[in-house]
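Work through the following exercises with the coordinates open, and try each task before reading its solution.

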Amino acid sequence: MRVLIVDDDRAITESLSSSVNWRKLGITDVETAGNAQQAKRILKEKETDIVISDIEMPKESGLDLLKWYREEDLDGKFLLLTSYENFYYAKEAVKLHAEEYLMKPYHVDMMEMVLQKIIQSLKQERQSRESGAYRKWMINNAGELKLNFWYNLFSGRISHTQDTIERELEKRSMVDVRDRQFCLVISRITNMEQDIDAYGKSLVQFILENLHSELLCGVPQNDSVVYFEQKDCYSFAAVCDEQPQIQLKAKCRSLILKCEKLLSSTVTCCISNLCHITEFYEVYHRIADSISKNVLYYGDVFTENQTLVYSAEKTPVMQMDIMDGYLEKHDKKAFLNYTKKELDRKTEQKLLDGEMIQRVHHEIQQAVYVYLAKRGIQISLLLIDDISVRLSEKAGQSVVDLIRWENYLLGHVFAYEKELQKSQTIIEKINDYVHKHYKENIGRNEIGAHFFLVPEYLAKVYKKNTGQTLKDYINGYRLQQAKLLLGNMDMRVSDVALEVGFDNFSYFSTLFKKEYGITPNEYRKNLSGYPAKKLDI
């Protein structure tokens with residue numbers, strides 16, 4: 001295969017030419033061009049399989065080159081490189097059918113993974129065009145047929161009875177695996193959001209799939225690793241030949257380290273005991289469930305025999321009075337240390353599983369909710385920001401995730417309380433809010449929501465500190481503003497009522513007369529000489 005690298009920066013083309021392991025990828029010829037015009041001449045003269053082009057180049061950009069490439073109907077794949085996160089570039093790349101879109105600076109291993117994906121896609125397209133006979137198709141697609149079988153077996157689409165499996169193996173010319181035993185490696189991939197945002201779901205899936213195949217099964221062209229997309233993670237199942245578990249553990253650790261090097265995702269692996277293909281469905285689901293429960297091995301590898309047996313203890317893990325004491329003192333450090341101590345104790349007792357972490361999560365949440373409720377702070381509004389929700393959802397994954405959530409939760413709560421206690425009192429803040437929003441339909445519910453305070457608690461505090469109800473203050477301020485506007489003879493009195501937040505004119509007029517002794521209309525008529533009450537505006 002031939003590759004053409006196009007970039008106006010000679011250092012980039014030389015670096016890319018020398019750093020990628022082209023031989024391993026099956027690339028025999030690598031050529032470079034300094035601009036789009038030079039690239040066009042080369043592409044017209046020589047059949048090129050893959051073009052790697054920078055987008056930002058003088059005169060003609062990489063997108064211009066790609067557009068020309070499509071118009072010429074050349075047979076090959078395009079990989080675009082860019083230094084800028086520009087949505088227009090990505091949109092145009094998709095429109096012009098670029099195979100991949102990669103940000104600079106790129107990691108060499110990531111570049112090789114992307115090229116491997118492109119080469120695989122190119123081969124499949126060409127094989128599909130060239131294969132006319134069913135036999136050739138079977139030979140060329142043996143790997144896909146095998147993968148399809150494993151996927152259907154793990155997902156339960158194929159019955160795991162001996163007779164059904166043997167029929168399916170015959171169809172796919174896979175009878176050689178019928179009587180063999182295998183080790184399954186089940187991996188759970190979490191924290192994938194950053195990788196998917198950076199590279200896209202398709203490329204991340206491909207990278208993980210091929211790393212599993214190459215490092216666990218010893219083949220770069222995958223035919224034994226399938227994945228399942230779940231709500232908050234991916235689950236991979238690798239079908240590995242019979243081998244010592246210590247050897248397979250070493251391979252899993254290499255996989256975890258390689259993923260750490262390339263991606264931000266967390267990989268947790270569990271190795272099954274030897275099993276026959278009739279047992280795959282049961283083993284896969286048992287181990288997938290075990291990984292979610294064995295949080296002690298999060299981000300590591302363990303064997304099926306290392307799974308812990310837990311008691312059915314249902315007593316509270318955390319003591320409410322201790323947690324409440326730390327909350328009252330705003331002692332975040334002591335609260336976190338208490339949590340870690342209790343989790344360590346459960347670990348020593350071999351009681352720390354996913355369910356136990358979820359219970360601790362719930363008990364901490366309950367303690368904080370009770371603490372906030374006593375202060376009249378609306379929990380549902382204070383703790384619905386994106387970070388709170390995301391960290392809470394992940395808290396059950398591991399001890400680290402639980403502590404990370406707890407640390408944020410306590411910091412968030414204490415910071416809000418501190419904000420309420422600053423130089424400006426909560427009453428002053430409420431009054432300031434009324435002055436800015438009196439024209440709107442506001443009351444204790446809306447103001448309570450703004451300050452994360454329960455409406456009943458807000459009204460009680462306001463009356464206690466000011467001697468008047470919040471509703472009376474809002475209406476009083478509206479009436480003050482109405483008196484000012486009534487001096488504008490171009491405004492109708494009914495429009496004044498609407499302008500200051502009263503949608504019922506009769507109600508406005510009644511309140512006005514009650515406050516000032518005359519109606520709004522009478523006030524306007526006598527503006528020049530009427531001795532109105534003194535206003536504190």
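The exercises below concern a predicted model, and each task is followed by a worked solution.

**Exercise 1. The order of the sheet**

Task: Determine in what order the 5 strands of the open sheet are arranged, and which strands stand at its edges.

Solution: Begin with the pairing, which is parallel, and read the order of the open sheet as β2-β1-β3-β4-β5. Next, look at the ends of this order: β2 (29-33) and β5 (100-103) each have a single partner strand, so one side of each is left without a neighbour in the sheet. Finally, follow the strands across the sheet, where the twist averages 20° from one strand to the next.

**Exercise 2. Strand β3 and its two partners**

Task: Establish how many bridges join β3 to β1 and to β4, and describe how the residues of β3 are covered.

Solution: Take β1 first: residues 2-6 of this strand pair in the parallel sense with residues 50-54 of β3, over 4 bridges. Within this pairing, V3 has I50 as its bridge partner in β3, while V6 stands opposite S53. Turning to β4, one finds 5 bridges joining this strand to β3, again with the two running parallel, and here I50 has K77 as its bridge partner. The chain passes from β3 through α4 to β4, and this β-α-β crossover is right-handed.

For the covering of β3, recall that a residue counts as buried when its relative accessible area is under 20%. By this criterion 5 of the 5 residues of β3 are buried. In a regular strand the side chains alternate between the two faces of the sheet. Applied here, I50, I52 and D54 point one way from β3, whereas V51 and S53 point the other way, and all are buried.

**Exercise 3. Helices on the sheet**

Task: Find which strands helix α3 touches and which strands helix α4 lies across.

Solution: Helix α3, comprising residues 36-45, packs on the sheet and touches β1, β2 and β3, its direction making about 145° with that of β2. Helix α4, comprising residues 62-71, lies across β1, β3 and β4 (77-82), and runs at about 170° to β4.

**Exercise 4. The two faces of α9**

Task: Decide which residues of helix α9 are buried, and which exposed residues are carried by the face turned away from them.

Solution: In α9, which spans residues 162-171, the buried residues include T164, I165, E168 and L169. These four cover an arc of only 135° around the axis, which puts them on the same side of α9. An α-helix has 3.6 residues a turn, so residues three or four places apart point the same way. The face turned away from the buried side carries the exposed residues D163, R167 and E170. Beyond the helix, α9 is followed by S173, whose phi is positive, near 55°.

**Exercise 5. Salt bridges within and between elements**

Task: For the pairs D300 and R253, R286 and E282, and K439 and E499, find where the partners lie along the chain.

Solution: The structure holds 25 salt bridges, among them the three treated here. The side chains of D300 and R253 meet at 3.9 Å, N to O. D300 lies in the loop between α13 (280-293) and β10 (301-303), and R253 in helix α12 (residues 245-262), so the pair ties together parts that are 47 residues apart in sequence. D300 counts as partly exposed at 30% relative accessibility, and so does R253 at 40%.

In the second pair, the closest N and O atoms of R286 and E282 are 3.4 Å apart. These residues are 4 residues apart in helix α13, and are thus separated by about one helical turn. R286 is partly exposed, with a relative accessible area of 37%, whereas E282 counts as exposed at 52%.

In the third pair, the side chains of K439 and E499 meet at 3.0 Å, N to O. K439 lies in the loop between α20 (426-437) and α21 (444-450), and E499 in helix α24 (residues 493-499), so this pair ties together parts that are 60 residues apart in sequence. K439 is partly exposed at 45%, as is E499 at 33%.

Terms used:
Residues numbered from 1 in each chain as written. Predicted model: local features only at pLDDT ≥ 70, side-chain atom pairs only at ≥ 80, totals over all residues. Heavy atoms only, no water. Pairing = 2+ DSSP bridges. Axes fitted to C-alpha atoms, helices over the stretch in contact; angles between N-to-C directions. Contact = heavy atoms within 4.5 Å. Buried < 20%, exposed > 50% of the residue type's maximum accessible area, 1.4 Å probe, protein only. Arc of directions from axis to C-beta. Salt bridge = Lys/Arg side-chain N within 4 Å of Asp/Glu carboxyl O. Right-handed = clockwise from strand over helix to strand, strands pointing away.
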